[in-house]
Amino acid sequence: MTATLGVLRIRFLAARSRQLRYGMDNLNRFYSVASLPSSSSAVVVGAGPGGITVVGNLLEHSAELQADRQKLIWVDPHFQGGRVNARYREVPSNTKVNLFVQFAHEVSAFKAIVEATPKPNALTTLLELPQDQGCTLSYAADMCLMLTEGLAIHPQVKPHRGTVTSAVLDEQANVWKVGFDNGESVSTSKLALCTGSAPVSKTVPAIERMHQQSLKPIDLDTALTPSILATTFDPAATTTVAVVGASHSAILVLMNLVKLATSTHPQLRIKWFTRNELRYAEYMDGWILRDNTGLKGQAADWARQNLDTKTFPNSPVSKVISKVWTAGREEESYKAELPECTHIVQAVGYARKPLPSLEIIRKDRGVAEPLEVEYDDLTGRFYEKDSSKAQNERKYVPGLFGAGIAFPERVTDPHGNVEHAVGFWKFMKFVKKVVPNWVKP
């Protein structure tokens with residue numbers, strides 16, 4: 001650890017000096033687009049919170065990976081903290097600040113970066129915030145950028161700016177040939193997919209059947225960013241926005257729209273379409289009920305004060321929000337209410353981004369054929385889809401792993417409720433648990 005920290009500190013401070021002296025272009029050379037080695041100890045795809053977590057944990061097991069002989073290749077088009085930095089800097093977090101701080105100290109590589117980074121930095125800024133409250137995700141995003149910059153100059157990591165387009169498994173050798181968008185390829189025994197998710201863009205079926213051509217869709221990412229959302233509408237125009245959903249994201253959208261309607265956009269009104277009652281996370285004895293599906297933080301506080309059945313009629317927001325209950329009568333509700341709307345925001349969940357093309361060369365064939373996989377959300381591994389085999393007969397695809405928001409852990413609470421655990425600290429707990437099995441020969 002001491003030797004690694006010494007090397008990392010020297011390289012990081014030298015890179016920081018060049019950045020300050022010559023600008024980002026000099027630092028960007030670490031995110032290489034130059035030729036890749038022919039083989040690597042592992043390939044990690046994605047540099048959002050999930051990818052950062054996986055790289056840090058794989059480095060914790062560098063001896064098993066023999067990363068001193070073959071570097072870990074880390075691939076991303078941007079190396080800018082993923083969607084949390086690009087899209088969600090203005091979003092209030094579900095996570096308390098102390099867990100972001102704990103995240104940055106959980107593995108040796110992160111600790112080395114924290115120690116080597118000149119102060120003040122993203123972590124010292126987090127430490128100055130109330131530790132038992134949430135914060136805007138800009139603080140967590142800046143921490144991601146700091147960790148990314150440090151991992152990029154780690155002696156056992158080769159970052160590559162680009163995308164992975166294909167991965168072919170040689171079943172005989174249990175080796176992946178990973179193809180990149182620049183035409184190069186790398187052989188590795190371990191491929192980790194941290195490819196992220198994006199808001200569901202497909203129109204809700206009941207709305208799609210209406211063919212409501214005049215409705216202007218507002219991307220969920222836009223609706224979650226107040227500074228951009230404010231520029232979407234003419235402040236003087238009569239505007240009615242349909243908001244579909246009752247998730248955490250939907251409540252944040254309603255918060256943002258109400259702020260506009262009660263300040264700079266007095267002609268703005270909102271129709272809130274929901275088929276579910278609001279659900280809140282509840283702090284129990286040592287655990288959290290609805291930890292991943294219930295409202296938390298600012299969204300929960302605002303919803304209790306303004307949207308609950310008891311508080312809504314007397315809340316100021318009832319002057320700008322009309323609640324439309326759609327349970328059991330979706331099509332009728334949309335047909336009656338949507339024609340009055342000018343815009344629509346769908347806050348109905350997230351979907352995995354497309355994966356690289358996956359193929360396999362089987363032992364008895366020699367020709368690559370498509371490989372369809374199914375994620376195991378208890379181990380971070382993948383099964384090959386095979387309807388002819390019983391569930392207990394399925395085998396894992398060798399050397400293929402997943403983590404982050406696209407591939408989270410399935411958890412069951414003491415009441416038997418099943419959820420998927422999404423969040424920085426939850427990614428860390430899961431990856432730290434499963435990586436020791438990932439790195440076994």
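Which strands does helix α15 (residues 330-337) lie across, and at about what angle does it run to β12? Helix α15 lies across β11, β12 and β15, and its direction is about 170 degrees to β12. This is a predicted model.

**The sheet**

The strands under α15 belong to an open sheet. Its 5 strands follow the order β10-β16-β11-β12-β15, and the pairing is parallel. β10 (216-217) and β15 (321-325) are the edge strands. Each has a single partner strand, so one side of each lacks a neighbour in the sheet. Further in, β11 (residues 239-244) pairs with β16 (residues 343-346) in the parallel sense, over 4 bridges. Within β16, Val 345 is the bridge partner of Val 243.

Helix α13 (residues 248-261) also lies across the sheet strands β11, β12 (268-274), β15 and β16. It runs at about 160 degrees to β12.

**Helix α3 and its two partners**

Helix α3 (residues 49-59) packs with helix α9 (residues 137-152). It also packs with helix α16 (residues 424-438). The geometry of each pair is set out here.

| Pair | Angle | Axis separation |
|---|---|---|
| α3 and α9 | about 40 degrees | 11 Å |
| α3 and α16 | about 40 degrees | 9 Å |

Take α9 to begin with. The angle of about 40 degrees makes α3 oblique to α9. The crossing is left-handed. On the α3 side, the contact is made by Pro 49, Ile 52, Val 55 and Leu 59. On the α9 side, Cys 144, Leu 147, Thr 148 and Leu 151 take part. By class, the residues of this contact are 7 nonpolar, 1 polar and no charged.

Now α16. The angle of about 40 degrees makes α3 oblique to α16. The crossing of α3 and α16 is right-handed. From α3 come Pro 49, Gly 50, Thr 53, Val 54, Asn 57 and Leu 58. They meet Phe 424, Phe 427, Met 428, Val 431, Lys 432, Val 435 and Trp 438 of α16. This contact has 9 nonpolar, 3 polar and 1 charged residues.

Pro 49 of α3 takes part in the contact with α9 and in the contact with α16.

**Salt bridges**

How many salt bridges does a search of the whole structure find? The search finds 15. One of them joins Arg 83 and Asp 221, with the closest N and O atoms 2.5 Å apart. Arg 83 sits in helix α5 (residues 82-86) and Asp 221 in helix α11 (residues 220-223), so the pair ties together parts that are 138 residues apart in sequence.

Key. Residues numbered from 1 in each chain as written. Predicted model: local features only at pLDDT ≥ 70, side-chain atom pairs only at ≥ 80, totals over all residues. Heavy atoms only, no water. Pairing = 2+ DSSP bridges. Helix = DSSP H or I, 4+ residues; strand = E, 2+ residues; numbered from the N terminus. Contact = heavy atoms within 4.5 Å. Axes fitted to C-alpha atoms, helices over the stretch in contact; angles between N-to-C directions. Parallel < 35°, antiparallel > 145°, perpendicular 65-115°, else oblique. Left-handed = near helix turned anticlockwise from the far one by under 90°. Nonpolar A, V, L, I, M, F, W, Y, C, P; charged D, E, K, R; others polar. Salt bridge = Lys/Arg side-chain N within 4 Å of Asp/Glu carboxyl O.
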